[in-house]
Amino acid sequence: MRLTTEQKAEINAFNLPSKQKAIELYLEGIQNKSKITRILQKDGFEIKGSNNFYNVRRTVEKWIKEFVAQDSHPALLDECKDVGIDFSKVNQAWYKGKHWSINFKPADTGPSFDEMYQEHLEAIDSHSFNYEEIKRQTQEDPHLLVIDPADVHIGKLSTAFATGETYNSETAVARVKEGIDKILDYSSSFEIDKILFVAGNDILHTDNTRRTTTKGTPQDTDGMWYENYKTAKELYIECLEKLINVADVHYMFNPSNHDYMSGFFLSDMIKAWFKDSKNISFQTDLQYRKYFKYGQNLIGTTHGDGAKQQNLGSLMSVEAKEYWSNTTHKYFYVHHIHHKTSKDYINVTVESMRSPSTSDVWHAQMGYKSPQAIEGFLHHPEKGQVARYTYTF
């Protein structure tokens, strides 16, 4: 919905103190937009609308780009304001004069590796969460809680105008947080001594600067690649910090087809972030199928775009042979297809996960529609899977 002139003026007036403070910090030499955002939020500055970190940071970046453009591209900035174009989203422009027609692009194509690395170091320095070991009491009736936010696709764009539903990075983050909170609430009557957190599985929508998957399939995208990577990083950190306070966590990463490289980099960074925590363990290698033993349960996870489901039990017996003979209940949780299937094979139960993401334009046109949800499972050490939790959006 296009804003009226009065609505724009109201938003600008509300945001003015925050904008002035952001520019002031920038002029003082703070170039890092995330650092500026943290200072604004710490000091109580707000913007009109959602004040989550990612939305405020995008607004701060827009303000600073416009401020810099006052000297570098003043005419272009004025023209964008006159016709209602967001200057921060202009990637190229044409100048047509009497003798020349010139195409030009802003020099800023996103943060360099050094800038992102420095921002990561600053985030670690400012991080205040206490990772001292949490001592747990022995439980009389313990359980494993599997939390599997599958196919989140941060950076995916779906609009109600084209598909009937809206989905973007902000929606993705909100749904994962809400879904995990609900699963913790649903399972709160049980004693939980371990949480298996299944990560990866297309947590990111694209894998490069060209807005495509790893193999080059173009995607409808929301935000820049580096914004989405940082959004996923902050989301995982926040979720894991919450889960650690419930029970010890095992983080199991599944490589996937949308973000084979960036998904691995993300999980490897999360492992480094929690290196001092004795309450979380990691499997972040690139093996496409991974296994976890809990009592008499042998649980496998994979993205689902590789081996066929009917072959997963046989693969499990070979790849996890050290656990195969001394476990009774075998499960494989798979992803990729965004809808629910569940089937008992001779030697394993295979179950596919729903996704919290909606269909993009192509999938909507093809009729790929299914319930959107975050799912979790409760396993008893001797009796196997005893409960399942689905929070549908």
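What follows is a walk through the fold, its cores, one surface patch and a few loop residues. The model is a predicted one, and residues are numbered from 1 along the chain.

Starting with the overall picture, the protein chain carries twelve helices along with 13 strands. Of its 393 residues, 46% are buried. Sequence-distant pairings feature heavily: taking contacts between residues at least 6 apart in sequence, 68% link residues at least 24 apart. As for the outside, the chain exposes about 20,500 Å², with carbon and sulfur atoms supplying 51% of that area.

Turning to the interior, the largest nonpolar core is built from 44 residues. Leu145, Ile147, Phe197, Tyr251, Ile270 and Phe274 have the most contacts inside this core. Helix 8, spanning residues 225–244, brings in the largest share, with nine residues. Phe274 gives a feel for the packing: leaving out residues up to four places away in sequence, Phe274 touches Tyr131, Ile237, Leu240, Glu241, Ile244, Ile280 and Phe282. There is also a second core, separate from the big one and made of 13 residues, with Leu144, Phe292, Tyr294 and Phe377 among them.

Not everything nonpolar is tucked away. Tyr260, Met261, Phe265 and Leu286 make up a nonpolar surface patch of about 370 Å². Met261 sits in helix 9, which covers residues 260–273. The relative accessibility of Met261 is 44%, and since anything between 20% and 50% falls in the middle class, Met261 counts as partly exposed.

Helix 10 (residues 312–319) has an inward side of its own. Which of its residues are buried? Leu312, Gly313 and Met316 are. These three lie on the same side of helix 10 because they cover an arc of only 100° around the axis. What do the buried residues of helix 10 pack against? Their partners are strand 7 (289–294), strand 8 (297–302), helix 11 (321–324), strand 9 (329–334) and strand 11 (349–352).

Next come the loops. Val246 belongs to the loop that runs between helix 8 and strand 5 (248–254). Its relative accessibility of 35% is why Val246 counts as partly exposed. Val246 and Leu184 are 62 residues apart along the chain, yet their C-alpha atoms are separated by 8.7 Å. Leu184 is also one of the contacts of Val246, together with Arg136, Ile192 and Ile195, when neighbours within four places in sequence are set aside.

Two aspartates deserve a look for their backbone angles. As background, most residues other than glycine have a negative phi. Asp151 has a positive phi, near 50°, without being a glycine. Asp151 lies in the loop between strand 3 (144–148) and helix 6 (160–163). Is Asp151 buried or exposed? With a relative accessible area of 0%, Asp151 is buried. Asp202 is not a glycine either, and its phi is positive at about 60°. Asp202 is in the loop between strand 4 (194–200) and helix 8. Its relative accessible area is 2%, and therefore Asp202 is buried.

How values were computed
This is a predicted model: local features need pLDDT of at least 70, side-chain atom pairs count only at pLDDT 80 or more; totals for chains, interfaces and linings use all residues. Side-chain values use heavy atoms; hydrogens and water are left out. Helices (H or I, at least four residues) and strands (E, at least two) are DSSP runs, numbered from the N terminus. Buried means under 20% relative accessible area, exposed over 50%, partly exposed in between (1.4 Å probe, protein chains only). Contact means heavy atoms within 4.5 Å. Accessible areas come from the Shrake-Rupley method with a 1.4 Å probe; for residues, only the protein chains shown count as cover. A nonpolar core is a set of buried Ala, Val, Leu, Ile, Met, Phe, Trp, Tyr and Cys residues joined through side-chain atoms within 4.5 Å. Patches are made of residues with over 30% relative accessible area and no salt bridge: like charges are joined within 9 Å, nonpolar side chains (Val, Leu, Ile, Met, Phe, Trp, Tyr) within 5 Å. A salt bridge is a side-chain nitrogen of Lys or Arg within 4 Å of a carboxyl oxygen of Asp or Glu. The arc is that of the directions from the helix axis to the C-beta atoms.
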